[in-house]
Amino acid sequence: MAEVVVSQDVNAPLADLWRSWDSFDEIYRFNPVINQSPLLPRSAPTGMGAERVCRHIDGKTYLKERIIGYQPEEHIVVDIFDANLPLKKAIVTLDFAALSSDRSRVTMRISFTPKFGPIGWLMTPLMKSQFRKGLSDLLSANARFVEQGVEVHPKAAA
């Protein structure tokens, strides 16, 4: 599996940073490429087994995700189990750490296997570059959300 890792320091207590990610169906509020992220039917709101669909702003792209690892204020592991992207398998891990009483860090890791066999492996460097940029943008947007309340897709508009 290929892997990309990015981190972001956030000027907020760990509990506030954690809450922003633990509200599993509200990632659309700070993710610049997702405009809806409802829970799937019969899903728990968060924790092990919670499932959502992330609908991108392009109106075409979607990801269905399930929490497969969960330790409050420590980590969330998400399996992307269905998507219309060239991914055969993808796991996203978010690790959280308190740096001080009012400063925290989130580290996001995606491990993925592209579709299309050898052709997919040839695409891997480009995919890694795109993931690195997208995940960095997401973590920056999350920091603005936690620190300043900046929402890219406010709840009232959903």
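Which residues does Ile 76 touch, not counting residues up to four places away in sequence? Select Ile 76 and have a look: the list runs Trp 18, Trp 21, Asp 22, Ile 67, Gly 69, Tyr 70, Val 92, Thr 93, Leu 94 and Phe 96. Keep in mind as you go that this is a predicted model.

**Stop 1: the core around Ile 76**

Leave Ile 76 on screen and add Trp 21, Phe 96, Met 108, Ile 110 and Phe 112. These six are the residues with the most contacts inside the largest nonpolar core, which has 39 residues. Now colour by element: β1 (2-10), α1 (14-22), β4, β5, β6, β7 and α2 each give two or more residues to this core. The largest share comes from α2, with eight residues. As a general background, nonpolar side chains in soluble globular proteins tend to be buried together.

**Stop 2: β4, β5 and β6**

Next, select β4 (62-71) and β5 (75-83). The two strands run antiparallel and are joined by eight bridges. For one pair to zoom in on, take Glu 65, whose bridge partner in β5 is Ile 80.

Now bring in β6 (87-100). β5 and β6 also run antiparallel, with five bridges joining them. Pick Val 78 and you'll find its bridge partner in β6, Val 92. Val 92 is also one of the residues that Ile 76 touches. Follow the chain from β5 into β6 and you go round a hairpin with three residues between the strands.

**Stop 3: the turn between β4 and β5**

Go back to the other end of β5. β4 and β5 form a hairpin as well, again with three residues between them. Select Glu 73 in that turn: its phi is positive, at about 65 degrees. That's worth a pause, since most residues other than glycine have a negative phi. Is Glu 73 buried, partly exposed or exposed? Glu 73 has a relative accessible area of 34%, so it counts as partly exposed.

Pro 72 sits in the loop between β4 and β5 too. Pro 72 is also partly exposed, at 44% relative accessibility. Draw a distance from the C-alpha of Pro 72 to that of Asp 16: you should get 12 Å, for two residues that are 56 apart along the chain.

**Stop 4: β3 and its partners**

Select β3 (51-56). Five of its six residues are buried, so β3 is largely enclosed by the rest of the structure. On one side of the pairing list is β2 (34-36), which runs antiparallel to β3 and is joined to it by two bridges. Ile 34 is the residue to click here, as it stands opposite His 56 in β3.

β3 pairs with β4 as well, antiparallel and with five bridges. Try Glu 51, whose bridge partner in β4 is Arg 66. The hairpin of β3 and β4 has five residues between the strands, and among them Gly 59 takes a positive phi near 80 degrees.

Before moving on, select Arg 42, in the loop between β2 and β3. Arg 42 has a positive phi of about 65 degrees although it is not a glycine. Its relative accessible area is 84%, so Arg 42 is exposed.

**Stop 5: the largest pocket**

Turn on a pocket surface if your viewer has one. The largest pocket has a volume of about 710 Å³. To find it by hand, select Val 33, His 56, Leu 63, Phe 131 and Leu 135, which lie nearest its centre among the 31 lining residues. You have met His 56 already, as the residue opposite Ile 34.

What kinds of residue line the largest pocket? They divide into 23 nonpolar, five polar and three charged. β3, β4, β5, β6, β7 and α2 (117-148) each supply at least two of them, and α2 gives the most, with nine residues.

**Last stop: Thr 113**

Finish at Thr 113, in strand β7 (residues 103-114). Its relative accessible area is 17%, under the 20% cut-off, so Thr 113 counts as buried. Show what surrounds it: leaving aside neighbours within four places in sequence, Thr 113 is in contact with Met 1, Leu 87, Lys 88, Lys 89 and Trp 121.

Key: Residues numbered from 1 in each chain as written. Predicted model: local features only at pLDDT ≥ 70, side-chain atom pairs only at ≥ 80, totals over all residues. Heavy atoms only, no water. Helix = DSSP H or I, 4+ residues; strand = E, 2+ residues; numbered from the N terminus. Buried < 20%, exposed > 50% of the residue type's maximum accessible area, 1.4 Å probe, protein only. Contact = heavy atoms within 4.5 Å. 1 Å grid on protein atoms, 1.4 Å probe; cavity = no way out; pocket = protein on both sides within 12 Å on 5 of 7 lines; lining within 4 Å. Points joined across faces, edges and corners; volume = space filled by probe spheres on them. Nonpolar A, V, L, I, M, F, W, Y, C, P; charged D, E, K, R; others polar. Core = buried A, V, L, I, M, F, W, Y, C linked by side-chain atoms within 4.5 Å. Pairing = 2+ DSSP bridges.
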